[in-house]
Protein chains: 2
Amino acid sequence: MRDIAARLQVYPASVQWHVKTKDDLLAAVAGSVMADISVPADDMPWQAWIVALFRRCRQAVRRHPNVTPLIGAQLVSNASLPADLVDGVLRTLERAGFVDESLLEAYNTVIAAMLGFLTMEFAPLPAENPQRWADELRERVHTVRPLDHPSLARALPVLANRAFIVRWENGVTAPMDASFERHAAIIVAGLDAFARAQRQAAG
Amino acid sequence: MRDIAARLQVYPASVQWHVKTKDDLLAAVAGSVMADISVPADDMPWQAWIVALFRRCRQAVRRHPNVTPLIGAQLVSNASLPADLVDGVLRTLERAGFVDESLLEAYNTVIAAMLGFLTMEFAPLPAENPQRWADELRERVHTVRPLDHPSLARALPVLANRAFIVRWENGVTAPMDASFERHAAIIVAGLDAFARAQRQAAG
DNA sequence: ACCTGAACACCGTTCAAGT
DNA sequence: ACCTGAACACCGTTCAAGT
């Protein structure tokens, strides 16, 4: 609040006149980021539509990575209610054949997979002493004992700083492009299987 | 910090002796929650193992829902490095046939899907005025215009307070059991398709 | 309608001093 | 080794007063 006031060259209290509280301001910021996720056109297969949405969403989030915690990890973000986005996902999943409860479940999977991955990819580092923290974690990663954790030890060269939990940079400096693409593909393949099972059950 | 000190009936400054900084304390808390996710046994198909892990993880997180933001949305959580968990996931994905880059991608999908969903399910409400906030959002949801957003309007009875973005309670008071189960199943089905494609490409 | 100026309550952290 | 007691810097918010 005080920083914003300083940036605007006004007194701290002035900000409160425009926005009631700090939470309200953060909600507005999150809403603004959510709002500029434009939705793909409907002239493609539903599978391609989902993947396209994943990519657009990542582009939008990437422009303001510091906002990600608000979107994924706080219910505040909902206040914005990006109806175009929600409606688009639902419309597309209906095309895939989902209805009622299966539509709900497919929708929740899409949103959780999309925003969940991005929340984690761009999770901020500890504000305190990022460099010291990164060094410590990197060190700890290298002390994995091959006899206790053979798979981890073996995979370490591939995983180090590229895999969740085993990294010391976030998506801002170490983007996870390939994994994000794969994640989107896996979600779509899984939804496809679910849709087929639904159709078969329906007769 | 001050609350903890009060709870322990000591002066605020006393806490700093045991833990250097607030961030360090939060990292320790996150680590403690991560640490009590025990890993399933290896005597089941890899698909069942992944689903079992999803369930165990949710149980652990559910016991301390307020910690979820630390786990999903902050890189601090990594500091704990739950090696048993990471090694277990890798070992299981190796059983499924993944290696090198495909192992990395499959691993990232599993972790993001698991922790990402939980982060969102248990995302905290705005601390400020939860009731007022919930009322406002519920109201806004009901003003969706059917001509502008037909799919959303039609699905609203099913989605209201049960779907991401369209809810005003979090998983503590409104658990998303069915969607979580479905999400796990979709991830496994998607991984399965990926594994088959890998095998085929390998010859 | 929008900002000033001062004040208040709160909170993480420091540090010299105690035991 | 562990805590006290006081102090400091910082930050979101309030409010009467200005224009």
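Visitor: Which element gives the most to the lining of the largest pocket?

Guide: In this predicted model, that element is α3(A), with 5 residues. A lining is read by element and by chain. Here α3 (22-35) and α5 (68-73) of chain A, together with α3 (22-35) and α5 (68-73) of chain B, each supply at least two residues.

Visitor: What is the volume of the largest pocket, and which residues are the closest to its centre?

Guide: The volume is about 1,200 Å³. Of the 31 lining residues, A:Leu26, A:Pro69, A:Leu70, A:Gln74 and B:Gln74 are the closest to the centre.

Visitor: How do the residues of that lining divide by character?

Guide: The lining of the largest pocket has 22 nonpolar, 5 polar and 4 charged residues.

Visitor: Turning to the nucleic acid, which polar side-chain atoms lie by a base or a phosphate of DNA strand D?

Guide: One reads such pairs by the part of the strand involved. On the base side, a polar side-chain atom of A:Arg2 is 2.4 Å from a base nitrogen of DNA strand D. On the phosphate side, an N or O atom in the side chain of A:Thr21 lies 2.7 Å from a phosphate oxygen, and a polar side-chain atom of B:Tyr11 lies 2.5 Å from a phosphate oxygen. Two or more residues of the surface near this strand come from α2 (12-18) of chain A and likewise from α2 (12-18) of chain B; α2(B) has the largest share, 4 residues.

Visitor: What part of the strand's atoms within 4 Å of the protein belongs to sugar or phosphate?

Guide: For DNA strand D the share is 60%, and the rest belong to bases. The surface near the strand comprises 6 nonpolar, 4 polar and 2 charged residues.

Note on methods:
Residues numbered from 1 in each chain as written. Chains lettered and ligands numbered in written order. Predicted model: local features only at pLDDT ≥ 70, side-chain atom pairs only at ≥ 80, totals over all residues. Heavy atoms only, no water. 1 Å grid on protein atoms, 1.4 Å probe; cavity = no way out; pocket = protein on both sides within 12 Å on 5 of 7 lines; lining within 4 Å. Points joined across faces, edges and corners; volume = space filled by probe spheres on them. Nonpolar A, V, L, I, M, F, W, Y, C, P; charged D, E, K, R; others polar. Near = heavy atom within 4 Å. Polar contact = N/O pair within 3.5 Å; in protein donor to acceptor, adjacent residues only side chain to side chain.
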